[in-house]
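Student: I should like to examine the reasoning behind the terms used for a protein model. May we take them one at a time?

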Amino acid sequence: MTEGPTAALRPALPGDTPVLAAIAQAAIFELTGDDYDEDQQEAWAAAAGDEEALAARLADQLTLVATRGGIPVGFIALADNRLVDQLYVHPDVAGEGVGALLCDAIERLAAARGAKSLTVDASDTALGFFQKRGYVPKHRNTVPRGGVWLGNTTMEKNVGEPDPIH
């Protein structure tokens with residue numbers, strides 16, 4: 001048997017919102033327990049599961065969906081060609097290259113559209129993932145969600161033409 005790609009990529013469609021919200025919530029509940037307490041997970045998941053807000057947010061962003069067998073298993077959203085606004089992978093496929101595939105694609109698209117660098121506000125859970133991809137921590141943040149505070153780290157990666165001085 002020949003191994004195919006870890007997933008196929010396609011643009012997000014308006015009808016994807018419910019499944020994308022469900023992927024985000026599953027990822028939050030099943031993957032972030034070592035870094036966030038139950039109250040933080042509940043507040044974060046409630047915000048991620050607001051389908052109306054998610055649909056509005058994704059409509060203004062370049063959003064790619066990773067699928068396996070035609071079923072969405074992850075997504076990434078790029079805001080203003082400079083901010084990786086969301087990256088979620090379903091827990092069933094975590095660690096199988098889906099997140100890397102999504103990031104590779106969005107980084108290439110942003111660079112092709114003229115971006116010199118990308119930033120991300122990485123959750124504590126995703127911090128190591130982004131560091132391995134060459135993102136450099138810039139500063140620590142605390143974000144209010146539903147009456148609790150969540151920590152994350154703003155990170156940046158150069159994706160455009162290399163600096164001619166170096």
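Student: How much surface does the protein expose, and what share of it do carbon and sulfur atoms supply?

Tutor: In this predicted model, the exposed surface comes to about 9,100 Å², and carbon and sulfur atoms supply 52% of that area.

Student: Why is the protein called as compact as a globular protein of its length?

Tutor: The radius of gyration is 16 Å, and the globule rule gives 15 Å for 166 residues; the two values are close, so the description applies. The C-alpha trace spans about 45 × 45 × 30 Å along its principal axes.

Student: What share of the residues counts as buried?

Tutor: Buried means under 20% relative accessible area, and 42% of the 166 residues are buried.

Student: Which strands stand at the edges of the sheet, and why?

Tutor: Seven strands form an open sheet of mixed pairing, in the order 1-2-3-4-5-7-6. Strand 1 (8-11) and strand 6 (136-145) each have a single partner strand, so one side of each lacks a neighbour in the sheet and they are the edges.

Student: What makes strand 5 and strand 7 a pair?

Tutor: Pairing requires at least two bridges; strand 5 (residues 117-123) and strand 7 (residues 148-158) have seven, in the antiparallel sense. Within strand 7, asparagine 158 is the bridge partner of serine 117.

Student: Which strands does helix 3 touch as it packs on the sheet?

Tutor: Contact means heavy atoms within 4.5 Å. Helix 3 (residues 51-59) touches strand 2 (62-68), strand 3 (71-79) and strand 4 (83-89), and its direction makes about 130° with that of strand 4.

Terms used
Residues are numbered from 1 along each chain as its sequence is written. This is a predicted model: local features need pLDDT of at least 70, side-chain atom pairs count only at pLDDT 80 or more; totals for chains, interfaces and linings use all residues. Side-chain values use heavy atoms; hydrogens and water are left out. Helices (H or I, at least four residues) and strands (E, at least two) are DSSP runs, numbered from the N terminus. Axes are lines fitted to C-alpha atoms, for helices over the stretch in contact, and angles run from 0 to 180 degrees between N-to-C directions. The radius of gyration is taken over C-alpha atoms; the globule rule is 2.2 Å times the number of residues to the power 0.38. Buried means under 20% relative accessible area, exposed over 50%, partly exposed in between (1.4 Å probe, protein chains only). Accessible areas come from the Shrake-Rupley method with a 1.4 Å probe; for residues, only the protein chains shown count as cover.
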